[in-house]
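Please open the structure in your viewer and keep the selection tool at hand. The tour below goes from one selection to the next and says what is there at each stop.

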Amino acid sequence: MERIRSLFEKYSGAAEYNICPLPSSGGNRQYFRITWSGGSCIAAIGTTKEENAAFLYMARHFGKLGLPVPGILAVSDDGMTYLQEDLGSTTLFDAVAAGRRSGEYSGDERRLLRMAVETLPAFQYAGASGMDFSKCFPVQYFDRTSIMFDLNYFKYCFLKPSGVEFSETDLEEDFNRLCDRLLTCDSGHFMYRDFQSRNIMVPENGELRFIDFQGGRMGPVHYDLASFIWQARARYSPQLKEELTEAYLEAQSHYAVVRRKDFLTDLRQFVLFRTLQVLGAYGLRGLFERKPHFLKSIPYAMDNLQEIFASGTFPEYPCLCRILEDLIPLYGHREQRGDGKLLVRIFSFSYKKGIPEDESGNGGGYVFDCRGVPNPGRLPEYRGMTGLDAPVVDFLKEYPETEEFARHTAALADMHVDNYLERGFTDLMFSFGCTGGRHRSVYFAERLADHLEERYGNTGKLHAVLIHREQNLEREVIR
């Protein structure tokens, strides 16, 4: 904080002022808003001198070209702290929040989105003019190393944790082909790298201003457009995506002569690549670090994949396409039935006769092995009974592990039901197995059915059906 005070006082000469910390962004830099009688500004403290230097160089370079970036007001001697123009607190992400939530963007929201993509070519083409790309950090170019890093990010952080089987050799060959294909595109431009709505400010005058370009490098123009229009949780309709793409192409035409058909063919390759990169990030932050925001974002990325595949697969990447087609039903949103309810099926079964099949086509759900609980079927007085009979129920309740087992399965069920409801899934399956499928499995299936009826019975969100397979009994638990 002392570094900020020293720099600000030297810059402004003010003795009275207020410093207020701002929410952290995706990086490690800290931001503060300073207000005083003369106005306001933003102070930033970086952790990497090279990253700060890249931002400061690019901001000054773009500023000289008249591009809409924040002005740099002052920089500390060590380059670790700087002051920049205050652009307000409203990002484009905030300004179009209503459209993102509903999936229906208003005329004003669409206008702002078009403004963003119409400004992008100015950075990519004019911004590249005279730029010293050796100043870029952490890399200067979009090259094979950076592409393979992102593809392996997807493989190790998302694909492998998913459990989907694949051939390492075949996938590596597809990755190399995809890398070769991306590198055929003209790369002599400025690639913003993180061109997204959170990095675009909407000041009170309504003129967009652009920030956080310090990760930029020399590269193809398609990457930024794919990043913006196919942002996973933006929920842009296919029509809006086409509208924004056409707005970009019109603006691009002022800087370069580009064959539209070829550009769109190349763009589709970058949409695939960018989606894989995003899934890698969601895998790390969501599947490994269990951060809810990233877990909730995964189905939206799958929606993008499904939309891409609807216009045709990528025959040049056969292994990758098979993998993605397996991942979409695992992690994507599901089409809901007409009534919009989640169907929960609860089975009891005998392991001797095999695990129940999942008729929904989703591969099954939870399978709980009840054979670790004392077996009433070993006692002659209970052999003719099932877990529906009071003497068997009383026998099982005498053991503390019975209650513990039921408590844990109920907790897992609640977590999964809530998650599936949020993601719009249509089917969920719980199967309880024991040796004969008569006593313990029946008892625990009944316990879970009672629990779900109590918790969700009046919500109007579930159908629940209980099937005791070996007794050929079935009943509706929640209509």
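**A walk through aromatic rings and a covered helix**

Select Phe-444, which is buried, with a relative accessible area of 2%; keep in mind as you look that the model is predicted. Now add Phe-405, whose relative accessible area of 18% also makes it buried, because the cut-off is under 20%. These two rings form a tilted aromatic pair, with 4.5 Å from centre to centre and 45 degrees between the planes. The pair links distant parts of the chain, since Phe-405 belongs to helix 14 (residues 400-423) and Phe-444 to helix 15 (residues 440-456), 39 residues apart.

Next, select Phe-190, which is buried at a relative accessible area of 0%, together with Tyr-192, which counts as buried at 1%. Their rings form an edge-to-face pair, 6.3 Å centre to centre and with 65 degrees between the planes, and the structure holds 37 aromatic pairs. Widen the selection to one aromatic cluster that includes Phe-190 and Tyr-192, and among whose other members are Phe-55, Tyr-82, Phe-123 and Phe-228.

From Phe-228, move on to helix 8 (residues 222-229), where 8 of the 8 residues are buried, Phe-228 and Tyr-223 among them. If you show the surroundings, you will find that what covers these buried residues includes helix 3 (92-95), helix 5 (107-126), strand 6 (189-191) and helix 10 (260-288).

Finally, select Phe-93 with Arg-100, which lies over the face of that ring at 3.5 Å from the ring centre, and then Tyr-351 with Arg-371, which lies over the face of Tyr-351 at 3.8 Å from the ring centre.

Definitions and conventions: Residues numbered from 1 in each chain as written. Predicted model: local features only at pLDDT ≥ 70, side-chain atom pairs only at ≥ 80, totals over all residues. Heavy atoms only, no water. Buried < 20%, exposed > 50% of the residue type's maximum accessible area, 1.4 Å probe, protein only. Helix = DSSP H or I, 4+ residues; strand = E, 2+ residues; numbered from the N terminus. Contact = heavy atoms within 4.5 Å. Phe/Tyr/Trp six-rings, centres within 6.5 Å; stacked < 30°, edge-to-face > 60°. Lys NZ or Arg CZ within 6 Å of the ring centre and 35° of its normal.
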